[in-house]
Amino acid sequence: RAVAQDMTLALPQPLDAGETAYIEVKLGVIGPGQEIEITTPGGRTLGVISPHGIRAGNAAGTYTLPLPADAICHGRIAVTLKVTRSDAKARMPTADEVRGVRIVVSEATRQ
């Protein structure tokens, strides 16, 4: 079972001054040497998750990457997730490999 390779995610609320949006990716079990590449559908790299030191058969954890403000349009961002490995062709992740993707917004720092 594969998750949607291309997805559009909505911000939970509009960004206020000083706030930053992040993409949060919850990973399940992925193979040794595999990474999750996150890009825009146009190919702009937003980040790469490269878990290391995970015991075989264990979930890789939850990772949070900042989103550039100029990649967000009308409170939404389109992203593409791929499983990559140096010795294999990139492919769509399965639902067991990527268990969830969402956008979170940081609190503005109060001074």
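Before we look at anything, one term: a residue is called buried when its relative accessible area is under 20%, exposed when that value is over 50%, and partly exposed in between. Please keep in mind as well that what you see above is a predicted model.

With that term in hand, let me start with one small residue, Ala60, which sits in the loop between β4, residues 45–49, and β5. Is Ala60 buried or exposed? Its relative accessible area is 7%, and because this is under the 20% limit, Ala60 counts as buried. If you look for Ile36 as well, you will find that Ala60 and Ile36 are 24 residues apart in sequence, while their C-alpha atoms are 11 Å apart in space.

From that loop we can move on to the sheet that β5 belongs to. Three strands form an open sheet in the order β5-β2-β8, and the pairing is antiparallel. The edge strands are β5, which covers 61–66, and β8, which covers 98–105, and each of these pairs on one side only. On average, neighbouring strands of this sheet are turned by 20 degrees against each other, if we ignore direction.

Now, what joins β2 to its partners? On the one hand, β2, which spans residues 21–27, pairs with β8 over seven bridges in the antiparallel sense. Here Ala21 has Val105 of β8 as its bridge partner, and Val25 stands opposite Val101, also in β8. On the other hand, six bridges join β2 to β5, again in an antiparallel arrangement, and in this case Tyr22 has Pro66 of β5 as its bridge partner. Five of the seven residues of β2 are buried, so this strand is largely enclosed by the rest of the structure. As a general point for reading any such sheet, the side chains in a regular strand alternate between the two faces.

Just before β8 there is a loop that deserves a moment, the one that comes after β7, residues 88–91, and that holds Glu97. Glu97 has a relative accessible area of 8%, and therefore it is buried. A polar atom of the Glu97 side chain lies 2.9 Å from the backbone nitrogen of Thr94.

Let me turn to the two hairpins. In one of them, β6, residues 76–85, and β7 pair in the antiparallel sense over two bridges, with two residues between the strands, and Arg85 stands opposite Ala88 of β7. In the other, β3, residues 35–39, pairs with β4 over four bridges, also in the antiparallel sense, and Thr39 stands opposite Thr45 of β4. This hairpin has five residues between its strands, and one residue to look at there is Gly43, which takes a positive phi near 105 degrees.

While we are at β4, please find Val48, which is part of that strand. With a relative accessibility of 41%, Val48 counts as partly exposed. Its C-alpha atom is separated by 4.5 Å from that of Glu37, although Val48 and Glu37 are eleven residues apart along the chain.

A glycine is not the end of the story for backbone angles, so here is the background: most residues other than glycine have a negative phi. Which sign does the phi of His74 have? It is positive, at about 55 degrees, although His74 is not a glycine. His74 is found in the loop between β5 and β6, and, with a relative accessible area of 79%, it is exposed. The C-alpha atoms of His74 and Arg44 are separated by 18 Å, and these two residues are 30 apart along the chain.

Finally, let us consider the empty space in the model. Rolling a probe the size of a water molecule over the atoms shows where such space is left. The largest pocket has a volume of about 210 Å³. How many residues line the largest pocket, and which lie nearest its centre? There are 15 lining residues, and those nearest the centre are Ile30, Gly31, Pro32, Gly33 and Ile54. By character, the lining divides into seven nonpolar residues, seven polar ones and one charged one.

Technical notes. Residues numbered from 1 in each chain as written. Predicted model: local features only at pLDDT ≥ 70, side-chain atom pairs only at ≥ 80, totals over all residues. Heavy atoms only, no water. 1 Å grid on protein atoms, 1.4 Å probe; cavity = no way out; pocket = protein on both sides within 12 Å on 5 of 7 lines; lining within 4 Å. Points joined across faces, edges and corners; volume = space filled by probe spheres on them. Nonpolar A, V, L, I, M, F, W, Y, C, P; charged D, E, K, R; others polar. Pairing = 2+ DSSP bridges. Axes fitted to C-alpha atoms, helices over the stretch in contact; angles between N-to-C directions. Buried < 20%, exposed > 50% of the residue type's maximum accessible area, 1.4 Å probe, protein only. Polar contact = N/O pair within 3.5 Å; in protein donor to acceptor, adjacent residues only side chain to side chain.
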